[in-house]
Amino acid sequence: MGGRRRAWNDACTATGRHTQPARRPPITPPIFHDRLDAAQRLARAVTALGARDPVVLALPRGGVPVGHELARHLRAPLDVLVVRKLFVPGHEGVAMGALASGGVRVLHGRTLEQLGVDDDDVERVVARETRELARRERRYRDGRPPVPVAGRTAILVDDGLATGATLEAAADSLRERGPRRIVAAVPVGSPDGCVALGGRVDRMICLERPRAFGSIGRWYRDFAPTSDDEVRALLAPDRAAMAAPA
């Protein structure tokens, strides 16, 4: 190794050039025009997996437009997997974990310790978000049961991944329903979040992992909020296709 480096240096000295190896330029925002653009790029990567009997599970609200387009490309049924972030009381921008359908929760112990969040505070937040989760389940499903995932390839989708808490809770909740395989797919995510989630699913697809991540929205030119009514409209045309596999 040392000999090759000396030979390279000698050659550079002889030619008067010391060229450094090319480096990939840093990823700068925005990457995607909107969620549709992100979904179309993500669909190419997910389609290449050749998943057998897939079903797409999108996290509302912002993950549903991405999941809808992905399901269309895969000709797969679309459903929602409702997850709520758990924010630290008094620090509403700081997530301490997440809650998913079925009572699954993921908590960030380090955040709880650093901010001095006690068990009573956690339980109050969990109780409030459990009520909101149940409300959204009723509103999005209109009384219809979840799409069967047992024995199928479940593709878990969101419009991005920051800490990973919401998708971790979603993956844990989904695992209890017996899918053959769980694939998590996001257009953009923090490097640490993608690595952490990758340890909880069978396959992780994250198109871009910017080092200076910040927030999900900064990587989209148009990151307008998705409403409950939009979620219901995107889900409605797909419900007829949500029969269990033969």
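In what order do the 5 strands of the open sheet lie? That was my starting point today, working from a predicted model.

**Entry: the sheet**

I read the strand order as S2-S1-S6-S7-S8, with parallel pairing. At the edges I found S2 (78–80) and S8 (203–208), each of which pairs on one side only. From one strand to the next, the twist averages 25 degrees.

I then looked at how S2 is attached. Its partner is S1, residues 54–58, and 3 bridges join the two parallel strands. For a handy landmark, I noted that Ala 58 stands opposite Val 80 in S2.

Next I checked what lies against the sheet. Helix H6, residues 165–175, packs on it and touches S1, S6 (153–157) and S7 (181–188). I wrote down about 160 degrees between the direction of H6 and that of S6.

**Entry: helix H8**

Which residues of H8 are buried? In this helix, residues 228–235, I listed Asp 228, Val 231 and Leu 235. They sit on the same side of H8, because the arc they cover around the axis is only 60 degrees.

I followed that buried set outwards to see what it packs against. The partners are helix H3 (63–74), strand S2 and helix H5 (119–141). Strand S2 is familiar from the sheet, as one of its edge strands.

**Entry: H5 against H8**

Two packed helices are described by the angle between their axes and the distance between the axes. For H5 and H8, I noted an angle of about 45 degrees and axes 9 Å apart. The two helices are therefore oblique to each other.

Which residues make this contact? From H5 I have Arg 135, Arg 139 and Tyr 140; from H8 I have Asp 228, Asp 229, Val 231, Arg 232 and Leu 235. Sorted by class, the contact has 3 nonpolar and 5 charged residues, and no polar ones.

**Entry: a closer look at Arg 139**

I picked one residue of H5, Arg 139, to follow up. Is Arg 139 buried or partly exposed? Its relative accessible area is 27%, so I logged Arg 139 as partly exposed, since buried would need under 20%.

Setting aside neighbours within four places in sequence, I found Arg 139 in contact with Asp 228, Asp 229 and Arg 232. Of these, Asp 228 is already on my list of buried residues in H8.

I also took one C-alpha distance across the two helices. Arg 139 and Val 231 are 92 residues apart along the chain, and their C-alpha atoms are separated by 9.6 Å.

Methods: Residues are numbered from 1 along each chain as its sequence is written. This is a predicted model: local features need pLDDT of at least 70, side-chain atom pairs count only at pLDDT 80 or more; totals for chains, interfaces and linings use all residues. Side-chain values use heavy atoms; hydrogens and water are left out. Two strands pair if DSSP finds at least two bridges between them. Helices (H or I, at least four residues) and strands (E, at least two) are DSSP runs, numbered from the N terminus. Axes are lines fitted to C-alpha atoms, for helices over the stretch in contact, and angles run from 0 to 180 degrees between N-to-C directions. Contact means heavy atoms within 4.5 Å. Buried means under 20% relative accessible area, exposed over 50%, partly exposed in between (1.4 Å probe, protein chains only). The arc is that of the directions from the helix axis to the C-beta atoms. Angles under 35 degrees count as roughly parallel, over 145 as roughly antiparallel, 65 to 115 as roughly perpendicular and the rest as oblique. Ala, Val, Leu, Ile, Met, Phe, Trp, Tyr, Cys and Pro count as nonpolar, Asp, Glu, Lys and Arg as charged, and the others, Gly among them, as polar.
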